[in-house]
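User: I should like to study one part of this structure closely. Please guide me through it step by step.

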Amino acid sequence: MKGTYLGEFEELALLVVGTLFDDAYGVAVKQEIQAQTGRKVTLSTVHSALHRLEQKGFVKSRLGDPTSERGGKRKRLFTLTFAGVKALQNAREMRNHLWDSIPKIAFNL
Amino acid sequence: MRVKCGIIYGILFQKSLSIYNMSIKNNIKPPRWGTRLLEWLCKEELLEEIEGDLYEEFQERVERLGERRARWLYNLQAITFLRPFALKHFKITRPQNSITMLLHYFKIALRSFWQQKLSATINVLSLSLGIGCAILIFLFIQNEWSFDTFHEKTDQLYRINRIVNDKNHRFLEGINTHPAPFAPAVKEEMPEIQYITRVQNDKSYIKRGNFISLEKYFFTDADFFQMFSFSFVKGNAQQSLEDNSSAVITERIAEKFFRNEDPMGQMISVFNDGQYHDFIVKGIVKNPPSNSTFQFDVVLPFTYFQTYGWGKEMEHYWNNSFLSTYTMLSADTDLNVLHQKMIKFAKRHPVAQDYIESHFPKGTYGTYRFQPIQEVHFDNIIPEHLHPASQKRYSYILGGIGLIVLFIACINFTVLAIGRSSGRAKEIGIRKVVGARRNQVANQFLGESFLFSFFGLCIGLLLAYFVLPQFNKLADREFTFITLLNNESILFLIALTLVAGLVAGFYPALFISAFRPVESIKNRLKLGRTNLFTKTLVGTQFVLSIVLVIVTLVMGDQLKYLKTKDLGFDKEQLLTIRRNGVERANFFSVYRNELQDDPKIVNMSSTYTAFTYGAFTSDFKHEGKQIDYSIFMVGPDFLKTMGMQLLAGRDFNANIASDTLENIIVNEAFVKALGWKDPIGKKVIGLENAGYKEPTIVGVVKDFNFESLEHAVKPSWMLYKDANHMNDMVLRIRPENIQSTIQKLERIWKNLAPDIPFTYSFMDERMAAQYETEERWNNIIKFAGILAIFIAFFGMFGLVALSVAGRAKEMSIRKVFGASMQDIAYAISSQFAKLILIALVIASPIAWYLSNKWLQGFAYHVNVKPLLFILAFGLIAIVFIFTLLYHVLRTAKANPADTLRLE
């Protein structure tokens with residue numbers, strides 16, 4: 001098992017899984033990332049990130065129902081785990097903490 | 001009724017079809033290729049979601065971007081999924097033992113090699129000979145076909161030819177040299193010309209301090225290095241030739257003259273026109289590659305050439321064409337337009353107009369043609385004097401020889417592999433029993449063949465490496481082994497190995513894999529018997545090598561004839577001294593007087609152009625018949641000096657005034673062309689040239705071959721003038737102390753013309769030099785012939801071994817019954833003797849045909865002598881006997897009990 005460090009893109013993916021709640025699967029996550037950040041990502045990048053997150057225990061997944069617009073294939077739907085939520089909170093707290101410790105003067109450019 | 005039914009059915013069918021089409025339209029399937037890739041390489045548990053996601057995205061893209069792009073993107077996306085998280089772990093999911101099997105095959109191949117060292121060594125050796133040969137020939141051909149293509153802007157580089165067209169704009173003749181003012185004029189008037197350079201080449205002494213050596217140098221315009229991509233090590237293409245005293249040298253010269261010093265800014269001196277001229281090194285370039293028409297050691301500015309000697313005035317000489325001129329046209333040039341403009345240019349600046357008017361019918365005109373630089377190397381119509389022109393034919397012949405040798409080598413491999421398989425019958429039987437499929441066995445043997453051809457390649461490369469210096473001499477090139485390190489040749493080597501492996505291993509693989517397991521294990525297989533197939537192969541080898549041997553012998557015979565044939569004059573100890581443009585009018589007379597009493601000089605005379613330096617040719621109409629002829633302008637004592645034989649009439653006489661005005665001496669061919677019995681004293685009606693009008697024949701000489709024996713003797717006539725009109729002096733000297741004679745000649749020359757170089761040559765050497773190409777080809781074919789025989793010998797050896805092994809029992813029984821050594825020898829060799837006889841019968845007419853075809857190229861040639869055939873047969877017989885000897889002795893010495901007991 002790799003460390004539980006959360007990469008930048010992973011964090012993004014994790015957040016998006018959170019926002020999509022019960023409809024987070026590959027294409028949806030990809031489109032949401034594109035819509036929210038304007039970043040062009042490939043499907044394989046998203047998949048690879050989601051699988052890493054699952055390995056780290058931040059998300060869990062189940063297979064959905066087959067639909068015709070997917071050529072009869074099932075979706076893999078991801079949802080946040082407790083550890084995932086915790087990791088997001090940690091990241092946010094750390095960021096806030098860092099934000100708070102920037103001296104005011106540093107912003108007066 | 002029936003028809004109606006059909007229509008209704010058709011309508012229904014169409015309807016269902018259109019529904020079907022609609023559903024397809026709504027749901028276009030993603031490309032199969034990408035899906036397959038995923039199915040093949042992705043983890044199964046991930047496959048479904050990945051495929052699903054891709055599918056969904058694909059449908060969305062079809063609507064947004066169209067099907068084509070969507071398909072393309074789909075495949076691209078599929079490829080991006082080939083990353084660690086999604087890839088199958090092949091080893092875990094499906095256990096495979098191919099690596100183990102491969103290692104096993106490799107081990108077995110080496111073991112069988114070890115077990116049959118002799119045959120396997122022969123196998124690899126002959127293959128490596130063939131491959132080595134192919135590599136060298138490839139080098140040569142690659143070099144030939146890549147001439148002058150290394151320049152950055154090869155497509156824009158042209159040689160300018162001055163040509164003569166008839167009134168229908170058809171090409172009549174052309175040359176590639178131009179007068180000095182041509183290049184500046186054409187550059188000024190034609191905006192298409194970006195760069196232009198004149199090239200004057202020569203060889204001379206280069207001096208630095210006390211170190212002197214003979215090197216090749218060029219005088220070129222400053223554009224030279226901007227047009228052509230000779231890479232600069234130091235200095236740059238733009239400025240190196242800018243001023244009058246600068247010089248660019250090659251790395252070779254830099255090393256030779258300067259060793260570890262930096263040559264830049266240093267002085268070197270070049271000997272020209274009787275003195276040394278100083279130049280400052282402003283640039284160093286890499287040595288010109290061997291596939292460059294321009295081969296130089298030092299490049300000097302043309303502007304300097306125009307500052308001394310006769311160079312000063314040549315700016316205005318439109319009638320002295322001696323400079324190769326090359327140009328770089330701008331990329332958007334329309335050649336047709338340019339050629340049209342050049343016709344007008346030629347009218348504004350006429351060159352050799354009198355020549356055209358006097359030699360060609362009305363309407364003929366002179367113009368120019370821009371010839372792409374890549375064509376120059378193979379141009380034999382207008383050969384480039386900077387570098388000898390080549391012929392594409394040579395590449396084809398050599399390529400053919402290479403293929404033949406390689407083919408012979410592959411035959412060996414095939415024959416020997418089949419032979420060796422007899423020892424491996426059991427192995428194959430067991431393999432099959434254990435469950436090997438036929439194609440597995442075939443692949444195994446094919447793989448072994450590739451392994452062998454790879455060994456062959458390695459040894460072949462090694463051979464090529466060691467033979468390269470000799471090959472360079474043969475081919476007159478300077479290849480280095482590093483030349484092989486380019487994409488093309490590496491690709492060639494790989495292809496060569498694969499093809500050799502395939503050709504050599506294909507048949508054995510099929511043959512061996514067809515063994516029936518039970519028979520092969522029980523030793524019931526009639527192996528080792530030579531069959532028709534292997535016999536045909538070995539027979540072919542012999543046919544090919546016999547042909548090569550006979551052709552070599554015939555070529556050698558012809559070359560000997562060329563060098564020894566009576567030429568109608570005596571070419572031994574005949575020295576030619578060139579005038580080299582000494583201006584003094586009575587120079588040759590004075591020179592002659594100085595030498596008058598020298599006992600070392602037997603005879604001397606002079607001529608306008610000595611033999612092999614070319615001749616004036618023209619034609620005239622005589623009684624309705626056109627006669628082509630050559631003219632020689634000769635000085636006093638010419639016949640005597642040359643050793644020509646007067647058949648009728650008299651020699652020229654300085655005291656008879658009409659001899660210099662209207663009398664001529666002709667050769668036999670001329671008389672024959674006229675059809676006269678007694679020509680002496682007759683006027684030649686219709687002949688008018690060189691200031692002579694209907695001259696009178698006063699003498700007839702025996703035909704003399706003044707050019708290569710490829711050509712028949714042309715009708716020729718000689719006219720008589722005093723020595724001062726002449727360009728070349730010819731001297732017959734005594735054979736003793738030739739060196740001191742030449743030294744004396746040079747000393748006198750230096751006194752009379754101190755600033756003009758003294759150049760001399762021997763007629764016999766010049767005559768021999770005409771056959772250099774033929775000689776080189778003879779050597780190459782000889783080389784190939786020896787190689788072919790060598791390889792065929794290997795093949796025969798293997799075949800006999802194979803046959804002897806198969807008949808071991810028979811031989812033992814013969815011996816038990818008291819067969820003598822002769823009987824054994826006969827039993828073994830009879831079938832091979834037959835094979836060789838058949839090969840001889842097939843090869844002889846082929847060799848005869850090819851030899852004659854080659855000989856037809858010479859006006860004077862030997863007949864193909866039967867003796868040469870006998871010689872070739874003898875050679876083959878000896879090789880054959882030696883091959884057999886080993887096996888006969890071995891069989892005769894073997895104890896019959898050993899083989900018989902094996903039952």
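User: Is Asp148(B) buried or exposed, and how many C-beta neighbours lie inside 10 Å? Please then continue to helix H27 of chain B and its surroundings.

Analyst: The model is a predicted one. Asp148(B) has 22 C-beta neighbours inside 10 Å, and it therefore counts as buried, since the cut-off for a buried residue is 20 or more. Its place is the loop between helix H7 (117-145) and strand S1 (157-165) of chain B. The backbone of Asp148(B) has a phi near 60 degrees, which is a positive value in a residue other than glycine.

His169(B) offers a useful second case. Its phi is near 65 degrees, again a positive value in a residue other than glycine, and His169(B) lies in the loop between S1 and strand S2 (171-175) of chain B. However, His169(B) counts as exposed because it has 10 C-beta neighbours inside 10 Å, and the cut-off for an exposed residue is 12 or fewer.

A third loop residue is Arg424(B), found between helix H14 (392-421) and helix H15 (425-434) of chain B. Arg424(B) is buried, because 20 other C-beta atoms lie within 10 Å. The C-alpha atoms of Arg424(B) and Ser112(B) are separated by 8.2 Å, although the two residues are 312 residues apart along the chain.

The chain as a whole gives these residues their setting. Chain B has 29 helices and 24 strands, and 37% of its 903 residues count as buried. Among the contacts in chain B with a separation of 6 or more, 82% are between residues 24 or more positions apart.

We may now turn to helix H27 of chain B, which covers residues 821-855 and bends by about 45 degrees at Ser829(B). Ser829(B) is itself one of the buried residues of H27(B), and others include Ile828(B), Phe832(B), Leu835(B), Ile836(B), Ala839(B), Ala843(B), Ala847(B) and Ser851(B). The numbering of such residues is easier to follow with one general point in mind. An α-helix has 3.6 residues a turn, so residues three or four places apart point the same way. The buried residues of H27(B) pack against three elements of chain B: helix H19 (532-564), helix H25 (772-806) and helix H28 (866-893).

The pairing with H28(B) can be described in more detail. Two packed helices are described by the angle between their axes and the distance between the axes. Here the axes of H27(B) and H28(B) come within 10 Å and cross at roughly 150 degrees. The two helices are therefore roughly antiparallel to each other, as angles over 145 degrees count as such. Their crossing is right-handed. On the side of H27(B), the residues making the contact include Met821(B), Ile824(B), Ala825(B), Ile828(B), Ser829(B) and Ile836(B). On the side of H28(B), Phe869(B), Phe873(B), Ile876(B), Phe880(B) and Leu884(B) are among them. By class, this contact has 13 nonpolar, 4 polar and no charged residues.

Finally, the contact between chain B and chain A may be set beside this helix pair. It takes 17 residues from chain B and 15 residues from chain A. Helix H3 (44-65) and helix H4 (67-80) of chain B each supply at least two residues of the side that touches chain A, and H3(B) gives the largest share of that side, 11 residues. The residues on this side of chain B divide into 6 nonpolar, 4 polar and 7 charged, whereas the contact of H27(B) with H28(B) has no charged residues.

Key. Residues are numbered from 1 along each chain as its sequence is written. Chains are lettered from A and ligands numbered from 1 in the order in which they are written. This is a predicted model: local features need pLDDT of at least 70, side-chain atom pairs count only at pLDDT 80 or more; totals for chains, interfaces and linings use all residues. Helices (H or I, at least four residues) and strands (E, at least two) are DSSP runs, numbered from the N terminus. The bend at a residue is the angle between axes fitted to the seven residues ending there and the seven starting there. Two residues are in contact if their C-beta atoms, placed from the backbone, lie within 7 Å. Axes are lines fitted to C-alpha atoms, for helices over the stretch in contact, and angles run from 0 to 180 degrees between N-to-C directions. Angles under 35 degrees count as roughly parallel, over 145 as roughly antiparallel, 65 to 115 as roughly perpendicular and the rest as oblique. A crossing is left-handed if the near helix is turned anticlockwise from the far one by less than a right angle, and right-handed if clockwise. Ala, Val, Leu, Ile, Met, Phe, Trp, Tyr, Cys and Pro count as nonpolar, Asp, Glu, Lys and Arg as charged, and the others, Gly among them, as polar.
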